[in-house]
Amino acid sequence: MTDKKPEIIEGPDANQVRRHAKKMFTEQQYRQRYRRIDYYEPNPFQLKLHNAPKDARLINLRASNGSGKTLCAAMQCAYDMLAEYPTWYKGRQFLTVPPIIRPFDFQVLISSITSQVLRDGLAKALLGDLSQQDGLGMGALPLDAIVGRPTMSRGISDYFDTAVVNRSIGGQAMVTTRTYDAGRRSFQGVPYDEIFLDEDDPALADIHGEAWARLTATRGREVLTATAIIGLTYMQKLFE
């Protein structure tokens, strides 16, 4: 008796989306739609994250709803995955591959309270709206950088597990999704260069230590973007 490997569910094909889009749009329209990173102009609040001190390993960006913190986190994640930084950028640059053995040169984890919150927030801002035809690549990660098909999660529609992009300096980067409600054990195993936590929650009291351990081998950093609406949490106490 052998254990069957779980079937991998694949998302939309980046090559197919590209071929269709290049027939439908002019070059300028294509770039505006599928390379939004070039049109992003951060406000002074968002610049606080992008231009955080290079040696900062734990960053907390708190603001009201609708202030652009999730978009800011998605753009920062894209800059680091692509190893492609704008001229105004003064923050840390992830250009050196850590001396560890793993399949990708740069690995990032994005996480939030539940899969629905993550899908409709940071994941959508990063990869695009996968519920729309040709929506792949309409987020912070340019369509032309996306490799093949993202792998999709079981049990919830239009929610990806992993996606891979080509880096501007060579090599590839992978983004993986996890949720707080999956518990501490779901954060074990893989060394990450960067972890983005979208929204604060009491569950982080148990998860944060495990997530932080995943950054040890890479000397990576953790970024928390949140709206302070649930009182004094573990993460607030940690920063204070």
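The following questions and answers go through some features of this predicted model.

The model is predicted, and local features need pLDDT of at least 70, side-chain atom pairs count only at pLDDT 80 or more, and totals for chains, interfaces and linings use all residues. Residues are numbered from 1 along each chain as its sequence is written, and side-chain values use heavy atoms, with hydrogens and water left out.

Student: How many aromatic pairs are there?
Tutor: Rings of Phe, Tyr and Trp (its six-membered ring) pair if their centres lie within 6.5 Å. Under this rule the count is eight.

Student: Are the rings of Y79 and Y89 stacked or edge-to-face?
Tutor: Planes under 30 degrees apart count as stacked, over 60 as edge-to-face and the rest as tilted. The ring centres of Y79 and Y89 are 6.1 Å apart and the planes stand at 65 degrees, so the pair is edge-to-face.

Student: Why does the pair of Y79 and Y89 tie together parts of the chain, and how many residues apart are they?
Tutor: Helices (H or I, at least four residues) and strands (E, at least two) are DSSP runs, numbered from the N terminus. Y79 is in helix α4 (residues 69-82), while Y89 is in the loop between α4 and β3 (106-112). The pair therefore ties together parts whose separation in sequence is ten residues.

Student: Is Y89 buried or exposed?
Tutor: Buried means under 20% relative accessible area, exposed over 50%, and partly exposed in between (1.4 Å probe, protein chains only). Y89 has 7% relative accessibility, and its partner Y79, at 3%, is buried. By the cut-off, Y89 counts as buried.

Student: Which residues form one aromatic cluster with Y79?
Tutor: Y79 is in a cluster built from aromatic pairs. The others in this cluster are Y85, W88 and Y89.

Student: Which ring does the charged end of K22 sit over?
Tutor: A charge sits over a ring if NZ of Lys or CZ of Arg is within 6 Å of the ring centre and within 35 degrees of the ring normal. The charged end of K22 is 4.0 Å from the centre of the ring in question, which belongs to Y30.

Student: What does helix α5 span between its end C-alpha atoms?
Tutor: The expected span of a helix is 1.5 Å times one less than its number of residues. For the 13 residues of α5 (residues 115-127), a straight helix would span 18 Å. The bend at a residue is the angle between axes fitted to the seven residues ending there and the seven starting there, and α5 bends by about 30 degrees at G121. Between its end C-alpha atoms, α5 spans only 15 Å.

Student: Which elements do the buried residues of α5 pack against?
Tutor: The buried residues of α5 include S115, L118, G121 and L122. Contact means heavy atoms within 4.5 Å. The buried residues pack against α4, β3, β5 (160-166), β6 (172-179) and β7 (194-198).

Student: How many salt bridges are there?
Tutor: A salt bridge is a side-chain nitrogen of Lys or Arg within 4 Å of a carboxyl oxygen of Asp or Glu. One of them joins R31 and D38 at 2.5 Å, N to O. The count comes to eleven.

Student: How many residues apart are R221 and D80?
Tutor: R221 and D80 form a salt bridge, with the closest N and O atoms 3.5 Å apart. R221 is in strand β8 (residues 221-226) and D80 is in helix α4, so far along the chain that the pair links distant parts, 141 residues apart.

Student: Where does D193 lie?
Tutor: D193 is buried, with a relative accessible area of 3%. The side chains of D193 and R102 meet in a salt bridge of 2.6 Å, N to O. R102 lies in the loop between α4 and β3, and D193 in the loop between β6 and β7.

Student: What is the phi of D134?
Tutor: Most residues other than glycine have a negative phi. D134 is in the loop between α5 and β4 and is buried, with a relative accessible area of 16%. Its phi is positive, near 65 degrees.

Student: Is R219 buried or exposed?
Tutor: R219 is in the loop between α6 and β8, and has a positive phi of about 55 degrees although it is not a glycine. With a relative accessible area of 53%, R219 is exposed.
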